[in-house]
Amino acid sequence: MTRAMRLAALVVIVVIVQVAVFPHLRLFGVVPDLGLLVALAVGYYDGPEAGAITGFLAGFGFDLFLETPLGLSALTYAIVGYAIGVVESGLFRTPRWLPSFLGLLGGLAGGLLFIGIGVLAGVDAVKGLHGIETISYAALYDALLAPFVFFLVKRVLGTPDRVRDAWSVR
Amino acid sequence: MAGARRASRRRYVLLVIVLTCLTLITLDSRNGRSGPIGTLGGLAHRVVGPIAGAVDDVARPVGDWWSGVFDAGKLKRENRRLEQENAALRGKQTSADEAIRENNDLKAALGLHNALLVKNVTGLIVGRDPGNFDPTLTIDKGSESGIAIDMPVIAPEGIVGKVIDVWKGGAKIQVLTDPQFSVGVQTPGHGLSPATTGIASGQVGSHDLAVQFDAGTAVRRGDHIVTSPQSTLFPSGLPVGTISSVDVQPGNTGVDATITPFVHLGALQYVTVLLWSAGTPGSVLPTTTTTTTTTTTIPAGFGTTTIPSGFGTTTTTGGLGTPTTRGLGG
């Protein structure tokens, strides 16, 4: 099985777990963005291009189950996945808490993007203080889960010397 | 050189993704999910539906435990409140029994069918609000059962929402607390003040509905609110909730009220979809008897095996009389 196939399988599983399991495991009334975390991890380990593609696919899969406009999560995850890949190239040290920090930062950035684009697309539910409160709690939840997701993605992508071009079929 | 080409390719990929997403968002906002995208969504639901249903059985107790861990303080307060409420309800039991007897007598006298006269489908909830801004329920019955978009969804306690998406083997329900949801409602009327109608809507970040009535409307905390005869979405007389707060606008230009729904969405496992739409001839219950001088209208006296209890019965006497509502929830 190629890395691209393994990553595709991970994206499918993450979407199913997000839709079927995490609605039962809400923290402060919110669910985490597993797809966003996977995009963050792939962007971090594999660069901006892979992060953007992973984010798009995971977000699109999640969007199929949401009533918010199709493409909203996909766009958000893709941009955040890309951005984290760009930021990663400037990092010299990788402390242990980095995945949690990136999860928190990515969760907040992704949430704000989701709200911003959602407002432009006419999604009423994201407006107001409630929207900010929701993404803040979701970002905290993302930070908690980020170390596990980063570990999982690293295993799926393979050994460090092969960690490039995740979506390449070579 | 290679680095520059790679950076250029990255930007190109991002640009393609962004443009694709913006196109999808625009198409979805304008046209809804039809065509290939709608088919893909239906397929995704069909694949994940059974998994979600199976997970639901296992995860519900885990989810309850999880909620208990993180909401312990809230649960204690809730428990105290429920104990007080229970004591008050016991006190009301006697008068409620009397009201039920009277209600049954009235129904028998008028020869009403104590049943829903509209076809309905009961579905198991297999998924609920997967996202943080998406208050929906997914059930295991769909187009093969006759379910269509905009059909009303109810539970024994009251209205739940409406169908917003349907596919073979499943349907998605927009719940009544969704900010995009609105429904025509009616107050019970007090004394000489007649029943008044309004439009209730979900609110962002709240489990209550907001409604605005005309100035001078007699509405009190605890009033039972039902769907109005003017509602195009629901048959009239279905229980919605109780008035939880009333606020007269400055200058007495109107009355703002909030309605706490009868249904507890988190506790629902099954819901009933009424195969009904506005304009369906001979649909739900309204039984009208016309005499030479007066008209008696008895909308809905629901309560069958699928809709066991409590659906409101509204009686209006003589065309000018004061409507009274007795029903659900009390």
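Select B:Gly202 to begin, and then its bridge partner in strand 8 of chain B, which is B:Leu209. Helices and strands are DSSP runs numbered from the N terminus, with H or I over at least four residues for a helix and E over at least two for a strand. This is a predicted model, in which local features need pLDDT of at least 70 and side-chain atom pairs count only at pLDDT 80 or more, while totals for chains, interfaces and linings use all residues. Residues are numbered from 1 along each chain as its sequence is written, with chains lettered from A and ligands numbered from 1 in the order in which they are written.

**The hairpin and its neighbour**

Widen the selection to strand 7 (residues 197-202) and strand 8 (residues 209-214) of chain B, which run antiparallel and are joined by three bridges; two strands count as paired if DSSP finds at least two bridges between them. Six residues lie between these two strands of the hairpin, and in the turn B:Gly205 has a positive phi of about 70 degrees. Now add strand 11 (residues 254-261) of chain B, which pairs with strand 8 of chain B in the antiparallel sense over six bridges. Here B:Leu209 appears again, standing opposite B:Ile259 in strand 11 of chain B.

**The barrel of chain B**

Next, colour strands 1, 2, 5, 4, 3 and 12 of chain B, which in the order 1-2-5-4-3-12 make a closed barrel of six strands with antiparallel pairing. Neighbouring strands of this sheet are turned against each other by 45 degrees on average, direction ignored, where the axes are lines fitted to C-alpha atoms (for helices over the stretch in contact) and angles run from 0 to 180 degrees between N-to-C directions. Within the barrel, strand 2 (residues 136-139) and strand 5 (residues 170-175) of chain B pair in the antiparallel sense over four bridges, and B:Leu137 has B:Ile173 in strand 5 of chain B as its bridge partner.

Move on to B:Tyr270, which is placed in strand 12 (residues 270-274) of chain B. Leaving aside residues up to four places away in sequence, B:Tyr270 touches B:Thr122, B:Gly123, B:Leu124 and B:Ile125, contact being defined by C-beta atoms, placed from the backbone, that lie within 7 Å. B:Tyr270 is partly exposed, with 13 other C-beta atoms within 10 Å; a residue is buried if 20 or more other C-beta atoms lie within 10 Å of its own, exposed if 12 or fewer, and partly exposed in between, with C-beta atoms placed from the backbone.

Then select B:Asp150, in the loop between strand 2 and strand 3 (152-155) of chain B. Its phi is near 80 degrees, a positive value in a residue other than glycine, and B:Asp150 counts as partly exposed, with 14 C-beta neighbours inside 10 Å.

With the whole of chain B in view, its secondary structure comes to three helices and 16 strands, and 36% of its 330 residues count as buried.

**Where the chains meet**

Show both chains and select the contact region, where 39 residues of chain B are in contact with 40 residues of chain A. On the chain B side, the elements that give two or more residues are helix 1 (2-31), helix 2 (35-70) and strand 1 (120-128), and helix 2 of chain B gives the most, with 14 residues. By class, this side has 23 nonpolar, nine polar and seven charged residues; Ala, Val, Leu, Ile, Met, Phe, Trp, Tyr, Cys and Pro count as nonpolar, Asp, Glu, Lys and Arg as charged, and the others, Gly among them, as polar.

**Across to chain A**

Hide chain B for the last stop, since what remains is chain A, whose secondary structure comes to six helices and zero strands. The radius of gyration of chain A, taken over C-alpha atoms, is 15 Å, close to the 15 Å of the globule rule for 170 residues, so chain A is as compact as a globular protein of that length; the rule is 2.2 Å times the number of residues to the power 0.38. Buried residues make up 59% of the 170 residues in chain A.

Select A:Phe28 in the loop between helix 1 (3-20) and helix 2 (34-46) of chain A. A:Phe28 has a positive phi of about 55 degrees although it is not a glycine, and it is partly exposed, with 13 other C-beta atoms within 10 Å.

Finish on helix 2 of chain A, where 13 of the 13 residues are buried, so this helix is largely enclosed by the rest of the structure. Just after helix 2 of chain A, A:Gly47 takes a positive phi of about 100 degrees.

Conventions:
Two residues are in contact if their C-beta atoms, placed from the backbone, lie within 7 Å.
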